[in-house]
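I opened a new page for this model. My plan is to look up charged pairs, then rings, then cores, then a single residue.

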Amino acid sequence: TFLVDAVASHGRVLRGIVSSKSGLQTIAGEVFVDASGDADLAARAGAEFEMGRPEDGLCQPMTLYFRMAGVDEARLPSYEEITEMYLQEKAAGRIENPRDDVHRIIYTTHPGEVTFNTTRVLAHDATNAASMTEVEMVARRQIEQLVRFFKQRVAGFEDAYLCSIAPQTGVRESRRVLGDYVLSGDDVIAARKFADGVARGCFSIDIHNPTGHGIYAKRVPAGDAYDIPYRCLRPRGFENL
């Protein structure tokens with residue numbers, strides 16, 4: 001099923017309206033958990049949220065993972081050499097990708113099979129169907145160009161082939177619900193703990209530039225972690241969401 005709308009009143013979600021092969025259906029409940037990934041239920045119920053960076057509303061770029069097999073890993077050039085060739089292809093107009101490097105090749109548990117986190121699609125809206133359709137087309141065009149580049153120019157890829165593409169483009173950022181508490185960058189970097197912590201994280205702040213090149217990164221102290229308090233998960237003004 002896919003959420004279509006929500007009915008809410010006085011700080012409570014009363015019903016969710018969903019669509020499926022059965023048509024439109026209404027689901028009632030005492031407590032609702034929004035697991036849409038884009039805060040669809042919260043937004044349709046009227047909860048407060050932010051989206052994108054303050055100056056222009058742009059969200060971080062999206063990435064479609066892909067995997068190649070048949071790679072002779074022993075013959076691969078260095079990351080720096082591959083990036084130099086990649087930049088030459090970009091300059092020649094044979095690769096249309098705003099990334100300024102290929103990202104390091106991700107090895108898998110299967111010999112000769114590698115994964116790429118290299119595609120980058122800018123300035124699109126994960127909550128807009130037309131925008132997401134264009135994202136899928138742009139990302140697949142980038143994959144086609146990258147596969148051709150690796151096979152034609154990078155040693156070890158002569159006999160390699162595209163073996164899989166992720167089922168959907170990965171979205172780094174869309175709606176951010178404003179909870180009873182909003183975790184800050186300072187909370188993350190200070191590895192702050194909370195009495196109502198319900199999850200713990202240790203990955204760095206990792207913000208990809210919405211307009212193209214570069215990543216802003218700050219690390220959590222080595223060996224430490226930050227809490228995510230339960231209050232972050234409760235949208236302001238709602239009792240049962």
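**Entry 1: salt bridges**

I searched the whole structure for salt bridges and got 19. The model is predicted, so I keep in mind that side-chain atom pairs count only at pLDDT 80 or more.

I looked up Arg53 first. Its side chain meets that of Asp56 in a salt bridge, at 2.9 Å from N to O. Are these two buried or exposed? Arg53 is partly exposed, with a relative accessible area of 24%. Asp56 is partly exposed too, at 39%.

Next I took Glu173 and Arg176. Their side chains form a salt bridge with 2.5 Å from N to O. Here the partners fall into two classes. Glu173 has 17% relative accessibility and counts as buried, because the cut-off for buried is under 20%. Arg176, at 31%, is partly exposed.

Then I checked Arg231, which forms a salt bridge with Asp196. The closest N and O atoms are 2.8 Å apart. Where do the two partners lie? Arg231 is in the segment after strand 13 (226–229). Asp196 is in the loop between helix 4 (185–189) and strand 10 (197–201). They are 35 residues apart in sequence, so this pair ties together separate parts of the sequence. Arg231 is partly exposed at 33%, and Asp196 is partly exposed at 22%.

I also noted a network. Arg12, Glu30 and Glu239 are joined by salt bridges that share partners.

**Entry 2: aromatic rings**

I turned to the rings and counted seven aromatic pairs. For each pair I want two values, since a ring pair is described by the distance of the centres and the angle of the planes.

How are Phe66 and Phe116 arranged? Their ring centres are 4.8 Å apart and their planes are at 15 degrees, so I wrote down "stacked". Phe66 lies in strand 5 (residues 66–69). Phe116 lies in strand 7 (residues 114–116). The two residues are 50 places apart in sequence, so the pair ties those parts together. Both Phe66 and Phe116 are buried.

Phe116 has another ring partner, Phe157. The centres are 6.1 Å apart and the planes are at 45 degrees, so I marked this pair as tilted. Phe157 sits in the loop between helix 3 (129–153) and strand 8 (161–165). That puts Phe157 and Phe116 41 residues apart in sequence, so this pair also links separate parts. I checked burial again. Phe116 has a relative accessible area of 1% and is buried. Phe157 is buried at 0%.

I then followed the ring pairs further. They link Phe66, Tyr86, Phe116, Phe149, Phe150 and Phe157 into a cluster.

**Entry 3: charges over rings**

I found Arg104 over the face of Tyr79, at 4.1 Å from the ring centre. Arg231 turned up again. It lies over the face of Tyr181, at 5.0 Å from the ring centre. So I have Arg231 in my notes twice, because its side chain also makes the salt bridge with Asp196 that ties distant parts of the sequence together.

**Entry 4: nonpolar cores**

In soluble globular proteins, nonpolar side chains tend to be buried together. I looked for cores here.

The largest nonpolar core has 28 residues. Which members touch the most others? They are Met68, Ile82, Phe116, Phe149, Phe150 and Phe157. The elements giving two or more residues to this core are strand 5, helix 2 (79–91), strand 7 and helix 3. Helix 3 gives the most, with nine residues.

I picked Phe150 for a closer look. Leaving out residues up to four places away in sequence, Phe150 touches Met68, Ile82, Phe116 and Phe157.

Another core lies apart from this one. It has 12 residues, among them Val18, Leu41, Ala45 and Leu241.

**Entry 5: Asp227**

My last residue was Asp227, in strand 13. Is Asp227 buried or exposed? It is buried, with a relative accessible area of 6%.

What lies beside its side chain? The backbone nitrogen of Phe194 is 3.0 Å from a polar atom of the Asp227 side chain. I listed the contacts too, not counting residues up to four places away in sequence. Asp227 touches Leu183, Arg192, Lys193, Phe194, Gly197, Ala199 and Arg200.

Methods. Residues numbered from 1 in each chain as written. Predicted model: local features only at pLDDT ≥ 70, side-chain atom pairs only at ≥ 80, totals over all residues. Heavy atoms only, no water. Salt bridge = Lys/Arg side-chain N within 4 Å of Asp/Glu carboxyl O. Buried < 20%, exposed > 50% of the residue type's maximum accessible area, 1.4 Å probe, protein only. Helix = DSSP H or I, 4+ residues; strand = E, 2+ residues; numbered from the N terminus. Phe/Tyr/Trp six-rings, centres within 6.5 Å; stacked < 30°, edge-to-face > 60°. Lys NZ or Arg CZ within 6 Å of the ring centre and 35° of its normal. Core = buried A, V, L, I, M, F, W, Y, C linked by side-chain atoms within 4.5 Å. Contact = heavy atoms within 4.5 Å. Polar contact = N/O pair within 3.5 Å; in protein donor to acceptor, adjacent residues only side chain to side chain.
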